[in-house]
Amino acid sequence: MLKNNYHTHMKYCNHAVGEVEDYVKTAYELGYLSLGMSDHAPIPLNSMTKEEWDHNYCGQNMTMDTFNIYLKDIESAQKKYPNIKVYKALESEYLRGYDSWYKNLRDKLDYMILGIHFFKDNIGKVLDTYEDLNYNNLDYYYQNMEEAVKTGLYDYLAHPDLFYFDYKDKNGNHTFDDKCIEITHKICKLALKYDLPLEINCNGLHFSSDKENIKNFRYPVYDFWNIAKDYKGLKIILGVDAHNPNLLGGEWILKAKEFCKELNIKYLEKLDF
Ligand SMILES: [Zn+2]
Ligand SMILES: [Zn+2]
């Protein structure tokens, strides 16, 4: 089905199930050659108000203490399954002003994924990518991505199209308007400039009531990828974003592949870290 997947969660984020070893074993049995463990990274303490912390479920993310256990778990899985390459990674947010925090994480990893589930606007208010985005604040989402990428600490951009999840245009409607088109181009140019792969995320199907018509997928977002696919040299990768070991062999991977086929998207089978 897939030979390599770089986006995998596990029990430490408190909303996925399974140990590192469960994922590695399943991946190995399914014929994967490599698996990147990339659970949700620790978030800098005191980086937002208590309300913002709770609203964005930051309490679910691993703490620095569990991060060290997580690394040890990965090391033991590497020893136990020497015939599959297992990477140490994290999926991390980015909040400006905390670069040393993220650098400290990145220093212990093979790669780090940027996954923007929340970010700060121009006045430091934390916005939720799923719920809060509209015509007036979408620029801040891109700004956050650009600032994160410029740190040089991130190697992979997860679900860059997540901004459209519940996006509202000028009239309060969920349409892929000119602002979305502008931001899509900016993201593609940024990824090209810094040579970072953009991910088509298989887990978005989890949120889609219509799993048949690719134009109705919650994400991957058809209109986003219909623009991105024309960027020559842009690296595109499929990410399972598994929150359960079974999803490493799940039907959503096939759906994501269909999505790519219908849009004529060429994606990479493998990345090097
Ligand atoms: Zn998650
Ligand atoms: Zn993820």
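**Notes on Arg106, the zinc site and the cavity**

1. A good place to start is Arg106, which sits in helix H4, spanning residues 99-106. Please keep in mind that this is a predicted model. Arg106 counts as buried because its relative accessibility is 18%, and the cut-off for buried is under 20%. Leaving aside residues up to four places away in sequence, Arg106 is in contact with Tyr111, Met112, Leu153 and Asp155.

2. On to the metal. Three histidines coordinate the zinc ion (ligand 1) through their NE2 atoms: His15, His40 and His243, at 2.0 to 2.1 Å. Along the sequence, these donors follow the spacing H-x24-H-x202-H. His15 belongs to the loop between strand E1 (4-5) and helix H1 (20-30), while His40 is in strand E2 (residues 34-40), so this pair ties together parts that are 25 residues apart in sequence.

3. How buried or exposed are these two donors? His15 counts as partly exposed, at 36% relative accessibility. His40, with a relative accessible area of 7%, is buried.

4. You may also like to look at the second metal: the zinc ion (ligand 2) is 4.6 Å from the zinc ion (ligand 1).

5. Finally, the interior space. Searching the whole structure gives one cavity of 30 Å³ or more, and the largest cavity holds about 50 Å³. Its lining draws on Leu2, Lys3 and Asn4, on Ile237 and Leu238, and on Tyr267, Leu268 and Glu269. By type, the lining residues of the largest cavity are five nonpolar, one polar and two charged.

Definitions and conventions. Residues are numbered from 1 along each chain as its sequence is written. Chains are lettered from A and ligands numbered from 1 in the order in which they are written. This is a predicted model: local features need pLDDT of at least 70, side-chain atom pairs count only at pLDDT 80 or more; totals for chains, interfaces and linings use all residues. Side-chain values use heavy atoms; hydrogens and water are left out. On a 1 Å grid over the protein atoms alone, a cavity is a set of points where a 1.4 Å probe fits but cannot get out, and a pocket is an open set with protein on both sides within 12 Å along at least five of seven lines; lining residues have an atom within 4 Å of a point. Grid points are joined across faces, edges and corners, and a volume is the space filled by probe spheres set on the points. Ala, Val, Leu, Ile, Met, Phe, Trp, Tyr, Cys and Pro count as nonpolar, Asp, Glu, Lys and Arg as charged, and the others, Gly among them, as polar. Helices (H or I, at least four residues) and strands (E, at least two) are DSSP runs, numbered from the N terminus. Buried means under 20% relative accessible area, exposed over 50%, partly exposed in between (1.4 Å probe, protein chains only). Contact means heavy atoms within 4.5 Å. Donors are N, O and S atoms within 2.8 Å of the metal (3.2 Å for Na, K and Ca); water is not among the atoms, so sites may look incomplete.
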